[in-house]
Amino acid sequence: SIAWSEKGNGGCITFSKSRLTEIEQESRSILVTQTEINDQHYLIVNCYIPNYGYGEGLKKKDFIKKSRKIFPEILSMGSKIPVIIAGDFNAAFSVSHCKCKNKPGVFKEEVEWINELLEKNNLCIGDVTASIVGSKGEFYTYYSFRGRSKNTSHGPLGSMRIDHVLVSENSSVKTIVYNTKTERDHFPIISTVLLKNSDNVE
């Protein structure tokens, strides 16, 4: 099953082996769907959050303001079922998740916003690991062509961890950042969501 936002340039798309029911979308930034796997319902929120760079600064400021109302409303839909929020947030949880300073993604307002999103909505983010054997500590999901960070998810200057999978507090999540030879600036990530009294969902 497939659901997508703003049938045109950009936006979010969700694929599922199980049937998806579209519930809501906010422009191209948020797509909310519901699905059922192994007799368990899930609320899935797919996100693309505007970047402060490339002339989208005002869009991001406006979105951060709106999101403080939007996300609680969305999450209230899933108050009795597990919630999975995933996507490109264009924001890191800490400046330690970025190999650059004073850049979009780690501006003070962005870091404060994404941590507020986590805490006020009782969400959690799991441990992040990488598919590279022997990698140490620093795993990134984005690398900058301008920063010449090579094809490695623990690359040099310009690398950031800005793509996330968040889950509701009745779940836990383990995320793997896959090191791939790609010409795109984001690495694919796969997360396993662990639910109480239920099978794992990948």
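**Group meeting: a predicted model of 2 helices and 11 strands**

Asn122 is partly exposed, with a relative accessible area of 44%. On the scale used here, buried means under 20% relative accessible area, exposed means over 50%, and partly exposed lies in between, with a 1.4 Å probe and protein chains only. Asn122 sits in the loop between α2 and β7, the latter being residues 123-125. Although Asn122 is not a glycine, its phi is positive, at about 55°.

Before going further, I should state the basis of these values. The model is predicted, so to speak of local features requires pLDDT of at least 70 and side-chain atom pairs count only at pLDDT 80 or more, while totals for chains, interfaces and linings use all residues. Residues are numbered from 1 along each chain as its sequence is written, and side-chain values use heavy atoms, with hydrogens and water left out.

Let me turn to the overall architecture. The protein has 2 helices and 11 strands; these are DSSP runs numbered from the N terminus, helices being H or I of at least four residues and strands E of at least two. Starting at the N terminus, the order of elements is β-β-β-β-β-α-β-α-β-β-β-β-β. The protein contains 202 residues, and 48% of them count as buried. For contacts between residues at least 6 apart in sequence, 52% join residues at least 24 apart, where contact means heavy atoms within 4.5 Å.

Next, the interior. Which residues have the most contacts inside the largest nonpolar core? They are Ile30, Val45, Phe71, Ile85, Phe89, Trp113 and Leu166, and the core as a whole has 25 residues. The elements that give two or more residues to this core are β4 (30-37), β5 (40-48), α1 (57-77), β6 (83-88) and α2 (108-120). Helix α1 gives the most, with 6 residues. Such a core is a set of buried Ala, Val, Leu, Ile, Met, Phe, Trp, Tyr and Cys residues joined through side-chain atoms within 4.5 Å.

Within that core, Trp113 deserves a closer look. Apart from neighbours within four places in sequence, Trp113 is in contact with Ile49, Phe63, Ile64, Ser67, Arg68, Phe71, Phe89 and Ala91. How many aromatic pairs does a search of the whole structure find? The search finds 1. The ring centres of Phe63 and Trp113 are 6.3 Å apart and the planes stand at 75°, so this pair is edge-to-face. For reference, rings of Phe, Tyr and Trp (its six-membered ring) pair if their centres lie within 6.5 Å; planes under 30 degrees apart count as stacked, over 60 as edge-to-face and the rest as tilted. Phe63 belongs to helix α1 and Trp113 to helix α2, 50 residues apart, and the pair thus links distant parts of the chain. Both Phe63 and Trp113 are buried.

Now to a second asparagine. Asn90 lies in the loop between β6 and α2. Is Asn90 buried or exposed? Asn90 counts as buried because its relative accessibility is 6%. Asn90 also has a positive phi, of about 50°, without being a glycine. By way of background, most residues other than glycine have a negative phi. Setting aside neighbours within four places in sequence, the contacts of Asn90 are Tyr48, Ile49, Pro50, Asn51, Lys60, Gly105, Glu110 and Ile162.

Finally, I come to two strand residues. Leu20 lies in strand β3, residues 20-26, and is buried at 9% relative accessibility. Not counting residues up to four places away in sequence, Leu20 touches Ser1, Ile2, Ala3, Thr14, Phe15, Thr33, Gln34 and Thr35. From C-alpha to C-alpha, Leu20 and Leu43 are 9.8 Å apart in space, with their positions 23 residues apart in sequence.

Thr33 lies in strand β4 and is buried, with a relative accessible area of 0%. With the residues up to four places away in sequence again left out, Thr33 touches Ala3, Thr14, Leu20, Thr21, Glu22, Ile23, Tyr42, Leu43 and Ile44. Leu43 therefore appears twice in this account: as a residue 9.8 Å from Leu20, C-alpha to C-alpha, and as one of the residues touched by Thr33, a threonine that is buried.
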